[in-house]
Amino acid sequence: MTKARRSIERPGPAGFLLVDKPSGWTSHDVVDAARRWLGTRRVGHLGTLDPLATGVLPLAVRAATKLSPFIADNRKSYVGSIEFGIATDTLDAEGQVLHRHEGALPDERAIDRALRGFVGDIEQVPPMYSAVKRAGVPLHRLARAGKHVERAPKPVRIDRIELLSYQAPIAELEVDCSPGTYLRSLADDVGRQLGCGAHLRNLRRLRSGPFSVDRAVVPERLAEAAAAGKIERYLIPAVDALGLEVVRLGPEESRRVQHGCEVGAPARLGAGSRVAALEPSGELLAVMEVLPGRRLKPLRVLQSVAPAD
């Protein structure tokens with residue numbers, strides 16, 4: 001196993017790859033494909049998407065896998081549709097129907113009012129069909145085994161809900177929200193509040209932190225680029241994704257930072273701020289924090305070596 005893993009490792013730049021995930025693929029499917037395209041196992045996603053959902057799935061590649069905690073903007077934006085009158089066990093269109101509403105469906109004004117009631121800080125119960133774990137086991141595995149467990153609600157924030165259109169029984173909407181928000185749960189909660197039931201019919205992620213679907217690439221094109229040896233042209237440099245002020249280090253400063261040591265900070269930087277520190281070559285070396293006394297402390301070094309004596 002170790003030999004096989006080493007055989008696929010290929011040197012290359014660090015960065016972020018934006019995949020326009022198709023419906024039917026899991027987030028892990030995308031990660032596995034990217035490992036093949038890029039020739040490295042050092043690939044991870046920055047926030048899962050349900051198999052039903054499409055849209056931007058940012059992947060961190062090679063040393064960029066160390067940087068996800070330092071991407072300041074982690075809000076999400078989605079466009080999708082809710083179907084009223086039908087509740088399912090998965091809370092989306094892939095599930096088994098649990099209930100069909102026989103009466104009249106609510107009108108557009110009632111739906112808009114109900115949706116607006118979920119704007120702000122709220123608590124959501126994670127769906128049984130989700131990757132949340134109970135005693136190390138993903139809830140979706142328990143659900144498929146016919147088991148139902150109690151789940152503690154989790155705080156999330158919905159910044160904006162805009163009802164784009166409503167042609168009964170389908171409502172189209174856009175949502176801006178915090179990480180960890182389940183749009184399936186939102187659909188189910190709105191349907192329960194209105195007394196008719198509802199489920200998420202489809203979903204597309206438009207934005208994940210600083211990454212927009214406008215720059216995402218479909219798997220077919222990425223596979224073609226990989227076959228032609230041009231896949232890395234699609235990598236977004238890590239320093240661009242961080243959105244931090246840039247400090248270029250000299251050779252001796254770079255060496256000290258690689259050993260985890262502090263270096264001097266430019267006078268323009270205030271204590272407590274974070275910066276992206278570049279090697280003389282222009283490659284990102286570290287994320288650093290400005291300490292009192294104009295010192296730069298490494299928080300995350302992308303290419304570290306053993307600490308100096």
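1. Let's start with the holes: the largest cavity encloses about 50 Å³ of space. Keep in mind that this is a predicted model. Searching the whole structure turns up two cavities of 30 Å³ or more.

2. Who sits around the largest cavity? Its lining is made up of Y78, V79, G80, S81, I82, L173, V175, L183, L186, L200 and L203. By class, that gives nine nonpolar residues, two polar and no charged.

3. On the secondary-structure side, β4 (76–84), β11 (170–177), α5 (183–194) and β12 (198–208) each put at least two residues into that lining. The biggest contributor is β4, with five residues.

4. The second largest cavity holds about 30 Å³ of space. Around it you'll find Q124, P126, K154, V156, G180 and Y182. This lining splits into three nonpolar, two polar and one charged.

5. Now for the charges. How many salt bridges does the structure hold? The count is 16. One of them pairs the side chains of D20 and R204, at 2.8 Å from N to O. The two partners come from distant parts of the chain, with D20 in strand β1 (residues 15–21) and R204 in strand β12, 184 residues apart. D20 counts as buried because its relative accessible area is 13%, under the 20% cut-off. R204, at 27%, is partly exposed.

6. Strand β12 turns up again in the salt bridge between the side chains of E83 and R201, at 3.7 Å from N to O. Here E83 sits in strand β4 and R201 in strand β12, so this pair also links distant parts of the chain, 118 residues apart. E83 is buried, with a relative accessible area of 17%, whereas R201 is partly exposed at 38%.

7. Another one to look at is E262 with R295, where the closest N and O atoms are 3.9 Å apart. E262 lies in the loop between α8 (251–258) and β15 (263–264), and R295 is in strand β18 (residues 295–301), so the salt bridge ties together parts that are 33 residues apart in sequence. Is E262 buried or partly exposed? With a relative accessible area of 31%, E262 is partly exposed. R295 is also partly exposed, at 32%.

8. Finally, check the network: R75, D121, R157 and D159 are joined into one by salt bridges that share partners.

Definitions and conventions
Residues numbered from 1 in each chain as written. Predicted model: local features only at pLDDT ≥ 70, side-chain atom pairs only at ≥ 80, totals over all residues. Heavy atoms only, no water. 1 Å grid on protein atoms, 1.4 Å probe; cavity = no way out; pocket = protein on both sides within 12 Å on 5 of 7 lines; lining within 4 Å. Points joined across faces, edges and corners; volume = space filled by probe spheres on them. Helix = DSSP H or I, 4+ residues; strand = E, 2+ residues; numbered from the N terminus. Nonpolar A, V, L, I, M, F, W, Y, C, P; charged D, E, K, R; others polar. Salt bridge = Lys/Arg side-chain N within 4 Å of Asp/Glu carboxyl O. Buried < 20%, exposed > 50% of the residue type's maximum accessible area, 1.4 Å probe, protein only.
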